[in-house]
Amino acid sequence: MTEVAAPRAAARAARRRRPLLRFVVRRLAAAVATLFVVSILIFAGTEVLPGDAASAVLGRTATPEQLAEMQELMGLDRPAHERYLDWLGGVLTGDLGNSAAGYAAGGETPIWDDIAPRVGNSLVLAGVTALLMVPLALVLGVLAAVRAGRTVDHAISVGSLAIISLPEFIIGSLLILLFFSWLDVLPPVSLVPPGESALSRPEALVLPVLTLLGASLAASIRMVRAGMLEALNAEYVTMARLNGFRERVVVARYALRNALAPSVQVFAQNIQYLVGGIVVTEYLFSYPGLGKELVDAVAIRDVREVQSVALLVAGVYVLLNIVADVLVVLLVPKLRTQS
Amino acid sequence: MASSDRQSSGPGAAGGDVFGTRFTRRRLLHGAAAAGLTLGAGGLLSACGGDGDETAGQTGTTEGGPSRGGRLRVAHVGAGKGESFNPARGSSFIDASRYFNVFDPLSRVGPTLEVEPGLALEWNPNEDSTLWEVKLRPDVTWHDGKPFTADDVIYTLGQMGDAKHVSHASVLNINLRDVRKVDDLTLEIPLKSPNARLFDSFVQQNTVIVQDGATDFTRPVGTGPFMFQSFTVGERSLCTRNPNYWEQGKPYVEEWEDISIDDNAARLNALLAGEVDMISQIPFAQAKQQQEQGDIQVIAAESPALQVFLMAVDIAPFDDVRVRQAFRLIADRQALIDGALFGFGTVGNDLAGKGMPFYAEDLPPREQDLDEARALLAAAGHENLTVTLHTSDIVPGFVEAATLFAQQAQGAGVTVNVKREPANAYFDTSLLYTKLDFAQSFWTYSSIPLWYEQALLSDAVWNETHWRDPETDRLIRQAQGAPDEETAEQLWRQIQETQYEEGGYIVWAYQHLVDGAAQNVQGVEPSSFFNLGGWNYRDVYLT
């Protein structure tokens, strides 16, 4: 919040001159407030869960003394508001505390050490998928809209809808069957050795990325197609056509830009899902991502880690939303001038 | 070379005689000492042969011996955040794999269930087996260079005295306060009641010896063949060869990596694709297929390992013995073996240890009898009973067997809802394990006394059927300390009869242990005790 309040005069001048900057600053301030509220909700939500990490670590046969000792070690004996502030402070300074798994082994391992490589892996998988998803969705969506009602449109619609109707574990299994068992060209598992980037073995990323594309592409294509159809029927497009512009120019310069505005939000939603919600795909390919990390943390009731991962994912959501909003404003001049 | 041996131990191959040997205490001790001698001589020979450390680190065949070097990558079902190198804690396959290869137990179990010396060379009881003198292996060093002594053993026993240690049952009969160090390599263990086979209780993965004073197992220090390097919980661990291991010249590989791959199909795929070199537990259908296809080695061992449905005897409706009896009559065991294990098993008779010493061979085998089951349930007032059976992917065959049992139960008017639990939480004592009223379990063990001690003593952490009966406790202790074979036989028979009539177990199969390895992996001897040659990586080499 300090960045927002800091050089006020300069910021005010900038705002007057640059409505876009003003918009971004406002959204960032709102994002910080949102994340603050989210942090309270996450903390309260995990607080009401039965059992705590100390009893999970010690097991059924623990004596009350052992339990108290472990709770003190893990800081679970302090009142809720103190623990919340401690956690929030830790998040802001990058110190998330120690993991319950470490305590179970008798030592202390920082939560961040567990999460960091997973965050990297998840971002790589989501990033590569997004890099392919956006252009593919645009090309196929526009193609379907331009050829609306014809064979190409039907093929694209039926194909993408058929694939999205299959659960990820079926798409993934079929891909493994095809590319590993039959053709033997791609590895069926995507193990990432610790300390290495997931990008160091691109062939291992192909099948998970294809699986995720299958699960996310259809919605994006449908959205681009719908937006495009609407734009193509708009009066300004008709006007452009009447003015004698070639169809390619009409589509690219007049229709597409306006058609993109609603699609951008759908793209953002899909990418958000790719960062936090792909446990099934991770499991299928043994890919060490954030989803499995979160599930494992929930199993041992490591509340600290669950809270931290949840807040991290929430942060990614908020950030992507801001990026999407800014893109929309850039795409549609009307929104800029109005505000 | 060994692949033909492995194939022959598949289903339908010669059985029974593996466990036919009768152990007497004397023969066992004798055998143990002899094995110790052989090991020592072997070490001496290899030292003379000169295949010492200079060849380590590079793959290459030393003259006449196994090749050295390389990284052995092994995949198992993981245990999520419950994974650790803390032997007090884990009950999962991957935990056993890690504990056995970073640490050493006092006694080892060989491929045909013979007890061999580990860190303890001699077990000498007094006249009535109430005081044991244990002589330890000399010249063993910890990974940090400290010498291994009796203090380490005494400390480990003390740790096991903690009620939350999963092998707590192993020391219940020991007067821990009076365990005494005689000299650096000798200790005396006084017992509360006689036990003629104390060493039986110190062969399992959780009874491995930890260093005196060790509490932090995030960087474990052991005496085992491999030294800890790094660990990402729930994902993988890396260990390097211990150049000072007491079995001189071993291990052969330079590095060993244990990887968690929870999904059974993904684990096999990883092996087929060459991403890993060995896996524990192949799904049985694929094991059968691979035995014919031969892309990989199928390592199959006949074993007394138990596939069971367990009923908690203190939770309704299973607190009524008639319900337990009815459920035992519902199971069509051969159908379960054919359907869920693809033949990799033999029919179980609700008791552990078929073919082992003290097994009650003469109790009549149970057949499916749905009418009788129905009658028993009606008598118990449980017509139209509905129960939930908890299962998990953690052991191949679990889910299939649960589904089959649910179908069989319909015949007796029982509705069984099958609930799948997450594999990496299933055998975690702090989460699901031992808290379920009707579930599945899997046991490996080396003798009947060991199994009863770990599974049915009131205070045993693994007492999953919640069988808490002072009479059984007393009988188990008496049987362990019986002065002669006949008395022991008689007492064990009595214990088994109670279990056979009233226990909470439906032991439907003795399951073969089936693992897989790539064609270039050598030195894995199928073991009846546990998967992957009893988690023995010290003899494994890559070609």
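Visitor: What is B:Gly516 in contact with, leaving aside its neighbours within four places in sequence?
Guide: Among its contacts (C-beta atoms, placed from the backbone, within 7 Å) are B:Leu268, B:Met278, B:Ile282, B:Gln290 and B:Val298. This is a predicted model, in which local features need pLDDT of at least 70 and side-chain atom pairs count only at pLDDT 80 or more, while totals for chains, interfaces and linings use all residues. Residues are numbered from 1 along each chain as its sequence is written, with chains lettered from A and ligands numbered from 1 in the order in which they are written.

Visitor: Why is B:Gly516 called buried?
Guide: The term requires 20 or more other C-beta atoms within 10 Å of the residue's own (12 or fewer is exposed, in between is partly exposed). B:Gly516 has 27, so B:Gly516 is buried.

Visitor: What makes α3(A) and α16(A) roughly antiparallel?
Guide: Helix α3 (residues 19–47) of chain A and helix α16 (residues 303–331) of chain A pack at about 155 degrees. Angles run from 0 to 180 degrees between N-to-C directions; under 35 degrees counts as roughly parallel, over 145 as roughly antiparallel, 65 to 115 as roughly perpendicular and the rest as oblique. The pair is therefore roughly antiparallel.

Visitor: Why is α8(B) called oblique to α10(B)?
Guide: The axes of helix α8 (residues 333–340) of chain B and helix α10 (residues 398–410) of chain B cross at roughly 140 degrees. That value falls in none of the named ranges, so α8(B) is oblique to α10(B).

Key: Helix = DSSP H or I, 4+ residues; strand = E, 2+ residues; numbered from the N terminus. Contact = placed C-beta atoms within 7 Å.
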